[in-house]
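Okay, thanks everyone for squeezing in. I'll put the model up and then walk you through the pockets, a couple of helix contacts and one aromatic pair.

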Amino acid sequence: MSATVSFKVTSPDGPQSVTVSYARVGSGEPLLLLHGIGHHRQVWDPVLPALAAERDVIAIDLPGCGRSPALPDGMAHDLPTMNAVLAALCGALEVERPHVAGNSLGGLLALELGRAGLVRSVTALSPAGFWNDVERRYAFAMLTTMRQIARRMPQPLVERLARPAVGRTLLTSTIYARPGRRSPEAVVAETLALARAEGFSETLRSGRKVQFTEDVAGVPVTVAWGDKDRLLIPRQGVRAKTVIPQARLVRLPGCGHCPMNDDPALVARVLLDGSR
């Protein structure tokens, strides 16, 4: 069921009201799902049925993405602020130390929550922050180009392109290894989400200095990487294992940067195993 929740977060200008859109399904231990930059919570739809059979699943639109408005003036779209926002969100939803899984930016946020001891377990799919400078600049250039294309295309053109598999490939092959499997409706929705993401530019700017270099202690961590990731190349997973030695490193064969659509059964199994 889709809903919104508003709550207070302390900022340099005092308490600020933040609103987050989310969907909540299933029962069991809570599992919080975090998407990547410029995306929306529907990217998790392919794995929700399998997850909801065993978990109380909460998929959110990060602030400034999907149906969640951007953070109020005076609140930066950076890691410390997002840590505070996600902690306050869990309090508002009456969820204490959930399991958390994230993809790309969401994977980085999940690891930050783990490092702060705010969650029971972390599963990070192609998390940001394990790049070198060349890899980061490449990823940021790709993301910026995707954003510019999405913003310049009128919706009727996006809808026409999304109908055939070749058009869906043109629109989404950067993040999916098997873009033809994505439905036309889903491709249109995520292209529009990228074009309209209010927090995109500030989030990207704040990421220029991000480098994940500290261990995540006391929390089970799984890092999974698609072997066909064209945005954050798979060797970054080896660096993640070096930084977080106790992490379980999982290869996702045939999967791209957003593996949930490429192999839903495999990804659901990895997420459930990571949260046990």
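So, how much space lies in the largest pocket? About 420 Å³. And before anybody asks, yes, this is a predicted model.

Let's stay with that pocket. Its lining has 26 residues, and the ones nearest the centre are Met146, Leu171, Thr172, Ile175 and Leu194. Three elements each give two or more residues to this lining: helix H4, which is 133-152, helix H6, 165-172, and helix H7, 184-196. Which of the elements gives the most? That's H4, with 6 residues. In terms of chemistry, you've got 14 nonpolar residues in the lining, 11 polar ones and 1 charged.

Now, the second largest pocket. Here we have about 350 Å³ of space. There are 27 lining residues, and Ile37, Leu105, Thr203, Ser206 and Gly207 sit closest to the centre. The elements giving two or more residues here are helix H2 (79-92), helix H3 (105-115), helix H8 (200-206) and, once again, H4. The biggest share comes from H8, with 4 residues. By class, the lining of this second largest pocket splits into 19 nonpolar, 7 polar and 1 charged.

Okay, helix packing. Two packed helices are described by the angle between their axes and the distance between the axes. Keep that in mind for the next two cases.

Go back to H4 and H7, both of which we met in the lining of the largest pocket. How do their axes run? They come within 8 Å of each other and cross at roughly 105 degrees. An angle of 65 to 115 degrees counts as roughly perpendicular, so that's what we call H4 and H7. If you click through the contact, on the H4 side you'll find Met146, Arg147, Ala150 and Arg151, and they meet Thr191, Leu194, Ala195 and Arg196 of H7. Those contact residues come out as 4 nonpolar, 1 polar and 3 charged. And yes, Met146 and Leu194 are names you've heard already: both are among the residues nearest the centre of the largest pocket.

The other case is helix H5, residues 155-162, against H6. Their axes are 6 Å apart, and the packing angle is about 120 degrees. That makes this one oblique. From H5 you get Val158, Leu161 and Ala162, and from H6 you get Gly167, Arg168 and Leu171. The classes there are 4 nonpolar, 1 polar and 1 charged.

Last stop, the aromatics. How many aromatic pairs turn up in the whole structure? The search finds 2. I'll show you one of them, Phe130 with Phe212: the centres are 5.3 Å apart, the planes are at 45 degrees, and the pair is tilted. What I like is where the partners come from. Phe130 is in the loop between strand S6 (121-125) and H4, while Phe212 is in the loop between H8 and strand S7 (221-226), so to speak a link between distant parts of the chain, 82 residues apart.

And who else is touching those two rings' residues? Have a look at Val243, in helix H9, residues 235-243. Leaving out residues up to four places away in sequence, Val243 touches Phe130 and Phe212, plus Thr213, Glu214 and Asp215. Take Glu214: it's 29 residues from Val243 in sequence, but 6.3 Å in space, C-alpha to C-alpha.

That's my tour. Over to you.

How values were computed. Residues numbered from 1 in each chain as written. Predicted model: local features only at pLDDT ≥ 70, side-chain atom pairs only at ≥ 80, totals over all residues. Heavy atoms only, no water. 1 Å grid on protein atoms, 1.4 Å probe; cavity = no way out; pocket = protein on both sides within 12 Å on 5 of 7 lines; lining within 4 Å. Points joined across faces, edges and corners; volume = space filled by probe spheres on them. Nonpolar A, V, L, I, M, F, W, Y, C, P; charged D, E, K, R; others polar. Axes fitted to C-alpha atoms, helices over the stretch in contact; angles between N-to-C directions. Parallel < 35°, antiparallel > 145°, perpendicular 65-115°, else oblique. Contact = heavy atoms within 4.5 Å. Phe/Tyr/Trp six-rings, centres within 6.5 Å; stacked < 30°, edge-to-face > 60°.
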